[in-house]
Amino acid sequence: MADSDPQSEARTQIAETEKAEAEEVETEDRAARAAGLFDLRMIIGGLLSLYGAVLFLMGLFASSAIRSKAAGININLWAGLALLIAGAFFLTWVLLRPLRAADLQDADPDRPNVE
């Protein structure tokens, strides 16, 4: 009878520990998703790509009158291409080096630890 009481306490402690670990992993996953969602590199890359695509398309269908205003250079085409390349750089950077919540927490030691 005395042996069953310590065993049940041990099982209860193990169950509580496993539950706390599962909640911690869930919190870290949620923080990582939130960090990736609000990554400025993704916003900047998306906007640069969008503006670049618009300018590139305007440059493809530009008339000769528009080209003559820019000394014969199709400036919309080249600026759009440059913006597309810059946007692709930012989006590739996000894919290759995603943000991790642990890195963000370690980056600012004055920030309070919220759990």
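Five helices and the packing of H2 against H4

From the N terminus on, the elements of the chain run α-α-α-α-α. The model is a predicted one. The chain holds five helices and zero strands, so the description below rests on helices and the loops between them, with strands left out by definition of the count.

Some totals for the chain come before the details. The chain has 115 residues, and 13% of these count as buried. Its accessible surface comes to about 9200 Å². Carbon and sulfur atoms account for 65% of that surface. Contacts can also be sorted by separation along the sequence. Taking those between residues at least 6 apart in sequence, 70% join residues at least 24 apart.

One helix pair can be followed in detail. Two packed helices are described by the angle between their axes and the distance between the axes. Helix H2 covers residues 40–60 and helix H4 covers residues 75–96. The angle at which H2 and H4 pack is about 155 degrees, and their axes are 7 Å apart. Angles over 145 degrees count as roughly antiparallel, and H2 and H4 are therefore roughly antiparallel to each other. The crossing of H2 and H4 is left-handed. In the contact of H2 with H4, the residues divide into 20 nonpolar, eight polar and one charged.

Two residues, one from each helix, show this pairing at the level of single positions. On the H2 side, Gly52 is found in helix H2. Gly52 has a relative accessible area of 0%; the cut-off for buried is under 20%, so Gly52 is buried. Leaving aside neighbours within four places in sequence, Gly52 is in contact with Gly80, Leu83 and Leu84. The C-alpha atoms of Gly52 and Ile85 are separated by 8.4 Å, while the two residues stand 33 residues apart along the chain.

On the H4 side, Leu84 has its place in helix H4. Its relative accessibility is 29%, and because partly exposed covers values between 20% and 50%, Leu84 counts as partly exposed. Not counting residues up to four places away in sequence, Leu84 touches Leu48, Ser49, Gly52, Ala53 and Phe56. Phe56 is thus one of the residues that Leu84 touches. Leu84 and Phe56 are 28 residues apart in sequence, and their C-alpha atoms are 8.4 Å apart in space.

The loops on either side of helix H3 come next. Phe61 lies in the loop between H2 and H3. Is this phenylalanine, Phe61, buried or exposed? Phe61 is exposed, because its relative accessible area is 68% and the cut-off for exposed is over 50%. From C-alpha to C-alpha, Phe61 and Asn76 are 9.8 Å apart in space, and in sequence they are 15 residues apart.

Helix H3 covers residues 64–69, and Ala71 is found in the loop between H3 and H4. Ala71 has a phi near 60 degrees, which is a positive value in a residue other than glycine. With a relative accessible area of 71%, Ala71 is exposed.

Conventions: Residues are numbered from 1 along each chain as its sequence is written. This is a predicted model: local features need pLDDT of at least 70, side-chain atom pairs count only at pLDDT 80 or more; totals for chains, interfaces and linings use all residues. Side-chain values use heavy atoms; hydrogens and water are left out. Helices (H or I, at least four residues) and strands (E, at least two) are DSSP runs, numbered from the N terminus. Buried means under 20% relative accessible area, exposed over 50%, partly exposed in between (1.4 Å probe, protein chains only). Contact means heavy atoms within 4.5 Å. Accessible areas come from the Shrake-Rupley method with a 1.4 Å probe; for residues, only the protein chains shown count as cover. Axes are lines fitted to C-alpha atoms, for helices over the stretch in contact, and angles run from 0 to 180 degrees between N-to-C directions. Angles under 35 degrees count as roughly parallel, over 145 as roughly antiparallel, 65 to 115 as roughly perpendicular and the rest as oblique. A crossing is left-handed if the near helix is turned anticlockwise from the far one by less than a right angle, and right-handed if clockwise. Ala, Val, Leu, Ile, Met, Phe, Trp, Tyr, Cys and Pro count as nonpolar, Asp, Glu, Lys and Arg as charged, and the others, Gly among them, as polar.
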